Amino acid sequence: MRRLIAPLAVTLFALFAAQPLFTAQLTCSDDSAFHIGRAVMLEQLIDSGHFFPRWSPHMAHGYGYPFFNYYGALSSYLLVALHKLGFIYPLALHIAFGLCLWLAGLSTYAFVREWCGDAAGVVSAVAYITAPYFAYDLLFRGNLAESLALALLPLALFTLHRSVNSKPQTPNSQPIFEVGSLKFGFWNLLASASLAALLYTHNATSLAAAPLFIGYVALIAYLHRDPRALLRGGLILLLGLALSAAFWLPALAEINLVQTDRLLVPPIFTYYTNYLSPAELLAPPIPIDPLLINPSPAKALGLATAILAIIGLIALLRRTPLKFEVWSLPFGFFFATFLLTYAALTLAPSRPLWDTVPLIKFIQFPWRFLGPTTLCAAALVGAGVHWLSNRQWLAAGFIAAVISIGNLSWWYPRYCVGFTESTLADILKFEYDSATIGTTAKGEYLPRTVRAVPGDEGIAQAWMRGEPPQYITGLPSDSTLTIVHPDPLDYRATVTVSAPITLTFNQFFFPGWTATLDNRPADITLTADTGLITVRVPAGAHELRFRFGNTPLRAIAAAISIIALAYLAFSIQRSAFSVQHSASSIPHSAFSIPHSAFVILPLALILLRPLIIDRTINPLRRSSFDDPTITIGQPVNANFSSGLTALSVEFPSPVASGAEFDVTLYAAPRTRIENDYRPRFDVVSADGLIWNNGADSLPPRWHREPPGTQYWPVGQYAQWARREMILPGTPPGDYELAATIFDLATLAPDSVIDTDGKALAPVAALGTIHITRPAAPPDPADLNIERRVDHDFGPITLLGYNLDRAEARPGDAALITLFLRADDAMLANLKFNLFDPAYPTSEWLPGDVWRFQILKRIPAEAESGPFRFNLSLADSDSRSIDLAPIILTAPDRVFDPPLIGNRTAIRFGDSIRLAGYDLTTTDALNIILLWRALATPDSDLIAFIHIEDVSGQVVAQSDAVPANWSRPTTGWLAGEYILDPRALPALPSGEYTIFVGLADRITGARLPTAEGDRAMVGVYKAP
């Protein structure tokens, strides 16, 4: 019983780490729904007798998907097994995550104990299972496959250690298996099985850990001065590869048959956009903020873990090498070397290795190296108990408490939905709702013959109704179809047709599909674009069969695994689990019994969290938000009409021209939000032009987006973050950072309001951002210059320019982007006829390349035909250049007042008058406004109509550029009349008031009238 105290302590620490799983709610994670979906699909196949499938006929909207041919399914089998035991799928997922923690803890303990003793083993286990990356994988990514791989990684290392160090024998002293003089026994077999399980669980983790396994075998061989250890390790690896060959061999050989290129799209799924910063890698502990809707803990090794690993290495270095401890230095140096190597591979400076080293790209995300990085660090953390050689359990308790509390902030997820059982119908619906295919992010396993997924939802809808789908289509009305065997992987039916016809079997074709007609092979052809299976059927009655089976390669791979598995089963049976483990020349520590009080520590932590930490404000748990104030960032305090409040913002200043930077906006709901809103950030110059990538920006990879704003609880707050890029060549100076909050469904901007609820503007000013000179001028090849001209202006060269339009109307504003290079130093400030550079030319250095944006209005009086802007230096046209023509289409202008039902004379500002309106009703309320230009307006205006009921509530409205967006006000000529028809929905019976107004399209400012900022034009009585 005493020997169980250390494993019991590890188990209790695993329970402490697993506390976030003790709830009947799923976390707001990336992949939990995917893993549940895979298990649901797998269980469907197992129930149909397909125990090791490669093709999932229910995925991809019911048209089939070779998911299990490419993705290790061991974690899915674990979920299915738990579901078969009676646990609903969400609960089974939480149990599976808990089992991963437990297995990871026990395996790490067992391995480190071999080198450093029980106390170190317990501490290493605690450091591993409470690590930030383990928390990220379980609670935020929700990645069961990688979480299970993280548990199998130390198990494989432990069994490898035992197998390479031991001289295994059966009870009668006979080896289980022998190659020459090399004995191959129980631990060797267990090591091979562990490696195979790791390969069949998560290939990326297996690939990342391969150097660690190989290096470890080399370490043991070196310490023993025994080259045979290398051969024994090689045999273990070969057996592991053979056991898992049924999976990895077809997956690797057939990778060109699917669309893996769908996944490798920046910025989300490419290695070069997923490096960590040193600050992320060594992120310090932070207080838990219970009011933050979307915490975004860093993907990290963690500062506490790194510091304790350094302490552990120092403890090994200062330890007097007595007895077995002569091996402590190689142990420390080995894991320190791999720790530094793996950690370096998560950082951007390692890109040359990522670009050149074979296979590393298959790991995909550099931060995946945090798994083995954390294990190496945990091994060193455990070694820290040697600092107090005579008080190892005291040191162990102290280190375990520090690492558990220090990493606690990573173990607080947010929860999205309560537990409900997941069914096949739910998973198929999820595919449609999430716009995903086959429980993968981008449909990367679609066969290459599939260029488009069919739009017919009949198969998926049938499965959702619980009905067998009609897989065979294309039958004429006078034909008959009888389904003999409905299993989609072995589908049999009889058909009777009166004439030859081509029938479609609604599954995507993939090698392994065969068709037979009357028990004879039938030729398969594919539908264009969709890649569905079709066969030609002659007239008469026939038996049809469609079956998914093996290819020769898959059969060979399966045979290799079956032979290896049979050998493994035979060897284990022969060993009867009584194999003795002979001590090697690297002795592991004798078991030292810890004081039973050590078990009290994890028990205390288990109680401390829910009873004290989670119930009080303390150094570990406090919020920056005290509705309505916040202590983070620069205050904004802008209220929006939706009910949102922009609280504060964080952004760097200064920022170099052409550089990227992150903007984080903190927002909270004042009331329940009806719609889903998102932010857009713009870097705006004094003339209102935008100098960043704006609408094309994405959340930075460290940020976790909050749920839709309609789900934000009042009294809590969220953060929105975007990675913005200043356009290369942007001139230095001060710019305004502005935010637009828009409705995700309609893209309509929300409006900032004043204290009385009156709309002020569609944007909120966040502060000033100072743009500085870049370290080097941008390469013209990176500027996306559409028209390269290299026109000489003396000390300045016009490299080229962009025009935002090839066609326009009089009064339209054309955006001209000029790319200028300084060839010489300029003492005077040069000016151009079209603009005066905001960044004075006297400050340009030779070689500088700058971008200038100019918004120029095409004259309202311009006629139809080509129109050119001319660019020259001010006061000199000797070196001028005509820019490319813009084709103008002038409107038909009306200067005589047209007939109108209701004459008015309402003046808006100094340049526009509403001359009348007509109102008719059919199926809609039709209003025609008659505008008259008193002068050409300076601003591009929106004309709006508001219809209010007797209570003053707006019940219908129309906001548009006049004449169906075809007549911008800046193109009106003095004395011109413009008819502006509008159609509004029919209104219920009652009396309504009609208001009309004009507002600036950019600022939202309304033109004044004698009545205010809009005019009442009439009363409408709906019948």
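How close do the axes of helix α5 and helix α6 come, and at what angle do they cross? I will start there, and I should say at once that this is a predicted model.

Helix α5 covers residues 89-116 and helix α6 covers residues 118-129. Their axes come within 7 Å, and the crossing angle is roughly 145°. As for the hand of the crossing, α5 passes α6 in a right-handed way. On the α5 side, the residues in contact are Leu101, Ala104, Gly105, Thr108, Tyr109, Val112, Arg113 and Cys116. On the α6 side they are Asp118, Ala120, Gly121, Val122, Ser124, Ala125, Tyr128 and Ile129. Sorted by class, this contact has ten nonpolar residues, four polar ones and two charged ones.

The next pair is α14 and α15. Helix α14 runs over residues 303-318 and helix α15 over residues 328-345. Here the axes come within 9 Å and cross at roughly 155°. An angle over 145° counts as roughly antiparallel, and α14 and α15 are therefore roughly antiparallel to each other. Their crossing is left-handed. From α14, the contact uses Ala309, Leu313, Leu316 and Leu317. From α15, it uses Ser328, Leu329, Phe331, Gly332, Phe333, Ala336 and Leu339. By class, that gives nine nonpolar residues, two polar ones and no charged ones.

Now the cysteines. How many disulfides does a search of the whole structure find? It finds one. The disulfide joins Cys28 to Cys416, with the two sulfurs 1.9 Å apart. The torsion about this S-S bond is about 125°, so the disulfide is right-handed. In sequence, the two cysteines are 388 residues apart, and the pair links distant parts of the chain. Cys28 is in the loop between β1, residues 25-27, and α2, residues 32-47. Cys416 is in strand β4, residues 415-418.

Are these two cysteines buried or exposed? Partly exposed is the category for both. Cys28 has 24% relative accessibility, so Cys28 counts as partly exposed. Cys416 is at 44% and also counts as partly exposed.

Cys100, by contrast, is in no disulfide. The nearest cysteine sulfur to that of Cys100 belongs to Cys376 and is 20 Å away. Cys100 is buried, with a relative accessible area of 1%. What about Cys376 and its closest cysteine sulfur? That sulfur is in Cys116, at 13 Å, which is too far for a bond. A disulfide needs the two sulfur atoms within 2.5 Å. Cys376 has 0% relative accessibility and counts as buried. Cys116 came up before, as one of the α5 residues in the contact with α6.

Next, the loop between α2 and α3, where α3 is residues 67-70. I have three residues to show from this loop: Ser56, Ala60 and His61.

Ser56 is buried, with a relative accessible area of 0%. Which residues does Ser56 touch, leaving out those up to four places away in sequence? They are Met41, Leu45, Gly64, Tyr65 and Phe68.

Ala60 is not a glycine, yet Ala60 has a positive phi, about 55°. Its relative accessibility is 1%, so Ala60 counts as buried. His61 is another non-glycine residue with a positive phi, in this case about 60°. At a relative accessible area of 14%, His61 is also buried; the cut-off for buried is under 20%.

Last, two peptide bonds. Where is the chain cis at Pro628? The cis bond there joins Asp627 and Pro628, with omega about 10°. Pro628 sits in the loop between β14, residues 625-626, and β15, residues 629-630. A cis peptide bond also joins Ser653 and Pro654, again with an omega of about 10°. Pro654 is in the loop between β17, residues 644-650, and β18, residues 655-656.

To recap the main items: α5 and α6 cross in a right-handed way, and α14 and α15 in a left-handed way. The disulfide joins Cys28 to Cys416. In the loop between α2 and α3, Ser56 is buried, and Ala60 has a positive phi, as does His61. The cis peptide bonds I showed are the one between Asp627 and Pro628 and the one between Ser653 and Pro654.

Conventions:
Residues numbered from 1 in each chain as written. Predicted model: local features only at pLDDT ≥ 70, side-chain atom pairs only at ≥ 80, totals over all residues. Heavy atoms only, no water. Axes fitted to C-alpha atoms, helices over the stretch in contact; angles between N-to-C directions. Helix = DSSP H or I, 4+ residues; strand = E, 2+ residues; numbered from the N terminus. Parallel < 35°, antiparallel > 145°, perpendicular 65-115°, else oblique. Left-handed = near helix turned anticlockwise from the far one by under 90°. Contact = heavy atoms within 4.5 Å. Nonpolar A, V, L, I, M, F, W, Y, C, P; charged D, E, K, R; others polar. Buried < 20%, exposed > 50% of the residue type's maximum accessible area, 1.4 Å probe, protein only.
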